[in-house]
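Hi,

Here is the structure I said I would pass on. Have a look at it first, and my notes follow underneath.

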Amino acid sequence: MSSQSTPKETFLADYRVPDYLIDTVHLHFELDASDTHIRSVLAMRKNPKGLGGDCVLDGEHLELISVKIDGRQLQGNEYQRTDKTLVLSGLPDKFELEIETRIAPDKNTALEGLYHSGSLLCTQCEAEGFRRITYYPDRPDVMAVFTVSLVANKALWPIMLANGNMEEQGQFDDGRHWTRWHDPHPKPSYLFALVAGDLYRQQDSFTTMSGRDVNLQIYVDHENSHKCDHALISLKQAMQWDEETYGREYDLDVFMIVAVNDFNMGAMENKGLNIFNSSCVLASPETASDADYHRIQGIVGHEYFHNWSGNRVTCRDWFQLSLKEGFTVLRDQQFSAAMNSEAVQRIDDVNQLRTMQFSEDAGPMAHPVRPASFIEISNFYTVTIYEKGAEVVGMIKTIVGDDGFRKGTDLYFDRHDGQAVTTDDFVKSIEDANDVDLSQFKRWYSQAGTPELTVAGHYDEMKQTYTLSVEQTCPMTPDELDKEAFHIPLAVGLLDEQGLPLLLQLEGEEKAYDNATRVLTLNEANQTFTFINVESKPVPSILRGFSAPVKLNTKRSNAELEFLMVNDTDSFNRWDAGQTLLINILLGLVRNVQLDQPLSFSKSLVEKLSHILTNTEVDPALIAKMLTLPSENYLAAQMPIADVDAIHIARQFLKNSLAHGLKQAFSDVYQQQNTTADYQFNAIDMAKRSLKNICLSYLVATDDPMQTQRCLKQMKQSDNMTDTISGLVALANKSGPEGEHALRAFYEQWKHDRLVVDKWLTVQAQSNLPDTLIRVKGLMKHPAFKMTNPNNVRSLIGQFCRNNPINFHARDGSGYEFLVEQIIVLNKLNPQVAARMLGAFNSWRHYDEERQMLMKKALMTIAAEKDLSSDVYEIVTKYLAD
C-alpha cells in the first residue's frame with residue numbers, strides 16, 4: 001500500500017442528528033465557466049434534539065471569500081477551516097449565515113458539484129457534490145426551502161434553470177440577464193440543481209388528477225431537437241401511471257428534463273429539474289435501438305417517480321440509500337412491465353440481478369441492502385442497493401398483496417411527507433397498514449449475501465401427497481460469517497404430465513387454493529410443505545416469477561427441464577428452465593473441452609428449441625429470450641474455478657451447432673418477422689424485431705456467405721438503429737472484409753452523433769476477435785474518444801473489461817495491464833468512474849491460479865499508486881483483503 005493517509009470510514013452506528021437545522025436557503029450565482037461566484041444566505045437554528053457544539057459545514061475545492069453572521073463579517077481567527085470543513089463556534093440559537101465562495105467549473109473533471117460540459121454549466125450534487133459549490137451541512141437529513149438567483153452572460157447562457165418554479169427574470173444593461181427560482185418544498189442539498197446554456201426547449205403539458213396543468217419541458221442541444229418526443233411521451237405515461245397505481249400527483253407548476261453529454265450517472269431526480277445523461281433521454285428511430293427506447297422510458301419513469309419516493313420523502317442518511325432507490329426501481333420496473341411485456345421485463349430484471357448482483361454478493365464488496373459502513377458513498381450506488389433493494393420491496397409487496405402494499409405506501413407517504421427517514425420507517429408503515437409483523441423480514445436489509453434454497457420433492461402415490469422439503473442457507477460474506485434465517489416468500493406451482501396446473505391444497509386445509517400459484521412462507525432453516533389430493537406425480541414449478549432473490553438448488557433432469565421449458569404456465573419459470581438446461585449442457589461441454597474430449601449434446605435440445613421457435617402462440621419476445629444463450633460471464637459464475645477459454649469454446653460450439661441444426665427454421669422465422677413497416681416503439685413490434693435479430697445472429701454464425709449478405713442487406717435497408725446495430729454486432733464478431741467495411745461505413749454515416757458513435761465503440765470493444773485489445777487501444781487515440789467523457793469510457797474501456805471475458809482475461813495478462821493504466825489515469829480525472837472500472841476485478845479470486853496472480857499484481861499496482869482517491873482506495877483495499 002502507498003503511504004497516503006487512510007481515508008476515514010463512516011459507520012451507521014455512529015449516526016447522530018444534525019446539531020443545526022436550516023429553514024431557508026438563498027443562493028445567488030454569478031455564473032462563468034472559469035470563475036463562478038456564489039453567495040449563500042442560510043437561516044439557521046440549533047436543533048433542540050442535537051448534542052450542541054460547533055457548527056461544522058462541509059466544503060471542498062472552494063475559494064472562501066467571506067463569512068458573515070447576522071451581517072457581521074468574521075475575521076480569519078473566528079472560524080476554523082480545513083480542506084474539507086468550515087467550523088463555526090459560539091453561535092446563537094438562531095442566526096443568518098452568509099458565505100461567499102468562488103469556484104472554477106471548467107477545472108472540475110470529477111463532474112461533481114457545478115461543472116462545465118460542452119457549452120453547458122450544470123450540477124450533480126448527489127451524493128456529496130453540493131459541498132463543491134458552497135459550505136453547507138451536506139447531508140440528506142438537513143432539509144430547507146431553496147430560493148435561487150442566477151446571473152450570466154445572455155449571449156453565452158440564454159437559458160438558466162434551477163429547482164422549483166420561476167418567480168422572476170430580467171436583463172441588465174451590460175448584456176447579462178437573471179432569473180429567480182423558488183422551490184416551496186423542503187429538500188436536502190443533494191437535490192439542488194442548476195443548468196445554464198444555449199439549449200433547444202420542447203414543451204408539452206399534463207393535467208393532473210386534481211385538474212392542475214403542469215408545464216413539461218425538455219432541454220437539449222439544438223442539433224438534437226428531433227430526439228425529444230419519446231422522452232416527453234414517456235414522462236406523460238409515467239405521470240399518469242403513478243397517479244393510477246400509487247395515487248401520487250405532481251406538485252410543482254413545471255417539470256424539466258435537461259440532457260447533458262458529460263454525466264457520471266444515468267440521470268438525477270433533482271426536484272423539478274431532472275438532469276439526464278444524454279444517452280438516457282435522446283431517441284429517434286434511426287439513432288436509438290429498441291433497448292435505448294425501453295431504457296429511456298424506464299429511466300424517465302424512475303426519475304419522475306423519485307418526486308415522491310426520494311424527494312418528498314427522502315433518506316435520513318446515505319446508509320438508507322435503498323429506501324429511495326430500491327423502492328423507486330421497483331416502481332420503474334412495474335411501470336415498464338405495464339407499458340410493455342410483463343414477462344420479458346421480469347426476465348430482464350432477474351437476468352441483471354443474477355449476472356451482476358449475485359456476483360457482487362459473492363465478492364469482496366458484498367454489502368447489505370442497508371450497509372453498516374462505507375468510506376466513499378459513491379461506491380455504494382450498486383446493484384445491491386438498487387436491484388436487490390427493489391427485490392426486497394417486491395417481496396414485501398408479495399407478502400402483503402397488491403392492495404395491502406398500496407395501503408402501506410399511502411400511509412408511508414402521508415406519515416413521512418417532508419421528512420428524511422429510514423428503511424425501518426418504510427417497513428413500519430407497511431406493518432401498521434396491514435397489521436403484519438415483518439421484524440424477521442428486515443434481515444434482508446441488514447444481512448449481505450444471496451440465500452440458497454435446497455428443495456427436494458417426494459410423491460406418495462398411496463396417500464396421493466406431494467411433499468416439498470426446503471432448506472435455506474446463506475454463504476458467509478466479508479462482514480459476517482453466520483447468517484440468521486430469512487423470511488422468504490416462495491411461489492410454487494404443480495403441473496401434471498400434460499403440463500396442466502394442479503390444484504394446490506396443503507395438509508390441514510379444508511379446500512384447495514383457488515390459484516395455480518401459491519406463496520409459501522419460509523422463515524426457518526428447514527421446513528416441509530405437504531400437498532394433498534395430488535392424483536398423479538407432479539412436476540414442481542419452484543420460485544415462480546422469481547419470487548425472492550435466491551439461488552435455487554434442486555435436482556432436475558434435463559428431461560424435466562425440457563418439459564418445463566415447453567409446458568410451464570409461468571412465463572418466467574418457462575424461460576428459467578430453458579436457461580438451466582442450456583447451462584447444464586454448456587457446463588458439460590466445458591468439461592469435455594477441459595478433458596480434450598469430443599464435443600456433443602443431446603439432439604432433443606434442437607427438437608425442443610425448434611418447437612419453441614416455431615410456436616406462433618408464444619410471445620416472440622419470450623421466444624427470443626429463450627433462444628439467447630447464457631453469457632460467458634454468467635457461465636463463469638456457475639463454476640468453482642472459471643475456465644474462460646473452455647467456456648468460450650463450449651459456448652461458440654453450441655451456438656454454431658444450433659445455428660446449423662435450426663438453420664432453415666431460423667431463416668423461415670426471420671422472414672416471417674421481417675417487416676417493411678415504419679418503425680414504431682411498442683411491445684408487438686419490439687418483440688418481432690428481437691426474434692428476427694436473434695435468428696439473424698444464429699444465421700450469421702453458420703458462416704454461410706448468403707447469410708452474411710442477408711446481414712449486410714438488413715443494415716443497408718434498415719430504417720432503425722435496432723436492425724442496423726444488430727447486423728453490425730453480428731459482423732464485428734467475424735473476421736473478414738465485410739465486418740471492417742461495415743464498421744467504416746457505420747462510422748462515416750454517424751460520426752456527427754456522439755451517442756451513436758458510443759455504440760460503434762461498444763461493438764468493437766465487445767468483439768471476440770483476438771486483436772480486440774489492440775483495436776481498443778487504437779480507438780482511445782481516435783478523435784471520437786475522450787477520457788474525460790464518462791459515456792466514452794464506459795462504452796470502450798468498460799465494455800471491453802466487463803463484457804469481453806475471452807479478451808480481457810487473456811492468459812498473458814495484457815487485459816489486466818490495460819485496465820490498470822486506465823484506472824490510474826481516471827483516478828486523477830474522475831474518481832467515480834475509475835472506481836466503477838475497478839469492478840471488472842470483482843471476481844478475481846474466482847479464476848485459475850495463474851490469472852489470480854496476474855490480477856492480484858494489477859490490484860497491488862493500483863494500491864501502490866500515490867494520492868489514490870477514496871473511491872478507488874476503498875474498493876482496491878477490499879479486493880486485496882484476505
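Before I get to the helix I liked, one cut-off: a residue is called buried when its relative accessible area is under 20%. Keep in mind too that this is a predicted model.

With that cut-off, helix H11 (residues 620–627) comes out as mostly covered, with six of its eight residues buried. Which residues of H11 are buried? They are Ala621, Leu622, Ile623, Ala624, Met626 and Leu627. The cover over these buried residues includes helices on either side in numbering: H4 (342–361), H8 (558–567), H9 (571–594) and H10 (604–613), along with H14 (663–673) and H15 (683–700).

Now the overall picture. The protein chain has 26 helices and 31 strands. Its radius of gyration is 28 Å, which agrees with the value near 29 Å that a compact globule of 882 residues would have. Along the principal axes, the C-alpha atoms fill a box of roughly 90 × 70 × 60 Å. Of the 882 residues, 60% count as buried. If you take contacts between residues at least 6 apart in sequence, 71% of them join residues at least 24 apart.

On the outside, the protein chain exposes about 35,400 Å², and carbon and sulfur atoms supply 48% of that. As for charge, there are 85 positive and 121 negative side chains, yet the centres of the two sets lie just 3 Å apart.

Inside, the largest nonpolar core has 280 residues, and Phe426 and Phe841 are the ones with the most contacts within it. I followed up Phe841. Setting aside residues up to four places away in sequence, Phe841 touches Phe808, Tyr816, Leu819, Met855, Ala858, Leu859, Ile862 and Tyr879.

One more residue to click on is Ala390, which sits in helix H5 (residues 384–416). Is Ala390 buried or exposed? Ala390 counts as buried, because its relative accessibility is 1%. Beyond its neighbours within four places in sequence, Ala390 is in contact with Gly326, Val329, Leu330 and Gln333. Gly71, by contrast, is 319 residues from Ala390 in sequence and 48 Å from Ala390 in space, C-alpha to C-alpha.

That's what I have so far.

Cheers

Conventions
Residues are numbered from 1 along each chain as its sequence is written. This is a predicted model: local features need pLDDT of at least 70, side-chain atom pairs count only at pLDDT 80 or more; totals for chains, interfaces and linings use all residues. Side-chain values use heavy atoms; hydrogens and water are left out. Helices (H or I, at least four residues) and strands (E, at least two) are DSSP runs, numbered from the N terminus. The radius of gyration is taken over C-alpha atoms; the globule rule is 2.2 Å times the number of residues to the power 0.38. Buried means under 20% relative accessible area, exposed over 50%, partly exposed in between (1.4 Å probe, protein chains only). Contact means heavy atoms within 4.5 Å. Accessible areas come from the Shrake-Rupley method with a 1.4 Å probe; for residues, only the protein chains shown count as cover. Lys and Arg count as positive and Asp and Glu as negative; His and the chain ends are not counted. The place of a charge is taken as NZ of Lys, CZ of Arg, CG of Asp or CD of Glu. A nonpolar core is a set of buried Ala, Val, Leu, Ile, Met, Phe, Trp, Tyr and Cys residues joined through side-chain atoms within 4.5 Å.
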